[in-house]
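Got a few minutes to look over a structure? Here it is, with a short briefing to read alongside.

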Amino acid sequence: MRRVLLLAHRVPVAGSFTLNDLAGGGGRMDEIARAVSTMFTLSNGLRTDAEMTILFVASPPPKARRIEIAGGRLRYLNPDERSTAALLKNALVRSIPEEEDVESSPGIRVGPAEPEEAIRRFAGHPGAFWLTERGEPYRSSPLIDGGYAAILSDPTDPSEAEATLLSDLSLPRISLGPRSLRTSQCLDVLNQEADLREAVRPATPDG
Ligand SMILES: C[S@@+](CC[C@H](N)C(=O)[O-])C[C@H]1O[C@@H](n2cnc3c(N)ncnc32)[C@H](O)[C@@H]1O
């Protein structure tokens, strides 16, 4: 399985933004939507072996939110950024009055989150790593064999508290090269590497 935890720092967690201003009032929802599209869409289909958690961190109120996307059950994801942003915005809006998780559309679950707990839980996946420019080279890393579990950030780097937590969890740090890439570009590189390795050695059923 290919798993990603994306830390989103500026998107209004109540979904209170217009689709006409994703980069500004949307708190860089344009890049979050692009990352979702990159993670799940192929030329003629969807990656069913992919899962993504997006942690929308915000100062209260309201509380932080967590969107979980499961490629195997995902419906209504089109390749364009605007309609992807609409799916995510709809999820955030749906979650606001709720104390429990809800499925806002097939394959997309949303609910309140405790950021530290969410990061700790994701870090519990075997072989989980932190994608950062200052890490070990990905090409020689065994952590991408048969799938991966990667934590990365939106256009804002992890906060000091997040970086401290990631360090305290002793997660391996993996680099995709010396240049600082966009979030969506990181996922392209990672999936390309995983695709190439899978072509040589097919993934195990549970990844
Ligand atoms: C757009 S970058 C963050 C901002 C960037 N550090 C800057 O100052 O422009 C988004 C995230 O992608 C990941 N990332 C970007 N380039 C990377 C690289 N070369 N190797 C590994 N991760 C990278 C990191 O998780 C980073 O926090």
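Below is a quick run through the ligand shell, the helix packing, the core and one loop residue.

Keep in mind that this is a predicted model. Helix H1 turns up again and again: it packs against H2, comes within 8 Å of H5, and gives the largest share of the largest nonpolar core.

**Around the ligand**
- The ligand has 16 residues around it, and the ones that come nearest are Leu 131, Leu 152, Ser 153, Leu 176 and Leu 181.
- Strand E8 (129-137), strand E9 (148-153) and helix H5 (183-200) each give two or more residues to this shell.
- E8 gives the most, with three residues.
- As for chemistry, the shell is a mix of six nonpolar, six polar and four charged residues.

**H1 against H2**
- Helix H1 (residues 29-40) and helix H2 (residues 81-95) have axes 8 Å apart and pack at an angle of about 100°.
- Since angles of 65 to 115 degrees count as roughly perpendicular, that is how H1 and H2 sit relative to each other.
- On the H1 side you'll find Met 29, Asp 30, Ile 32, Ala 33, Arg 34, Val 36 and Ser 37, which meet Glu 81, Thr 84, Ala 85 and Leu 88 of H2.
- Sorted by class, this contact has six nonpolar, two polar and three charged residues.

**H1 against H5**
- Here the axes come within 8 Å and cross at roughly 10°, so H1 and H5 are roughly parallel to each other.
- H1 brings Glu 31, Arg 34, Ala 35, Thr 38 and Met 39 to the contact, while H5 brings Thr 183, Ser 184, Leu 187 and Asp 188.
- The split by class is even: three nonpolar, three polar and three charged.

**The largest nonpolar core**
- This core holds 53 residues, and those touching the most other members are Leu 6, Ala 8, Ile 32, Leu 88, Leu 131 and Ala 150.
- H1 supplies seven residues, the largest share.
- Leaving out residues up to four places away in sequence, Ile 32 touches Leu 6, Ala 8, Val 11, Ile 54, Leu 88 and Asp 154.

**Val 57, a loop residue**
- Val 57 is in the loop between strand E4 (50-56) and strand E5 (65-70).
- Is Val 57 buried or exposed? Val 57 is buried, because 23 other C-beta atoms lie within 10 Å and 20 or more is the cut-off.
- Not counting residues up to four places away in sequence, Val 57 touches Leu 7, Ala 8, His 9, Ala 64 and Pro 115.
- From Val 57 to Gly 26 is 31 residues in sequence and 14 Å in space, C-alpha to C-alpha.

Key. Residues numbered from 1 in each chain as written. Predicted model: local features only at pLDDT ≥ 70, side-chain atom pairs only at ≥ 80, totals over all residues. Near = placed C-beta within 6 Å. Helix = DSSP H or I, 4+ residues; strand = E, 2+ residues; numbered from the N terminus. Nonpolar A, V, L, I, M, F, W, Y, C, P; charged D, E, K, R; others polar. Axes fitted to C-alpha atoms, helices over the stretch in contact; angles between N-to-C directions. Parallel < 35°, antiparallel > 145°, perpendicular 65-115°, else oblique. Contact = placed C-beta atoms within 7 Å. Core = buried A, V, L, I, M, F, W, Y, C linked by C-beta atoms within 7 Å. Buried ≥ 20, exposed ≤ 12 C-beta atoms within 10 Å, placed from the backbone.
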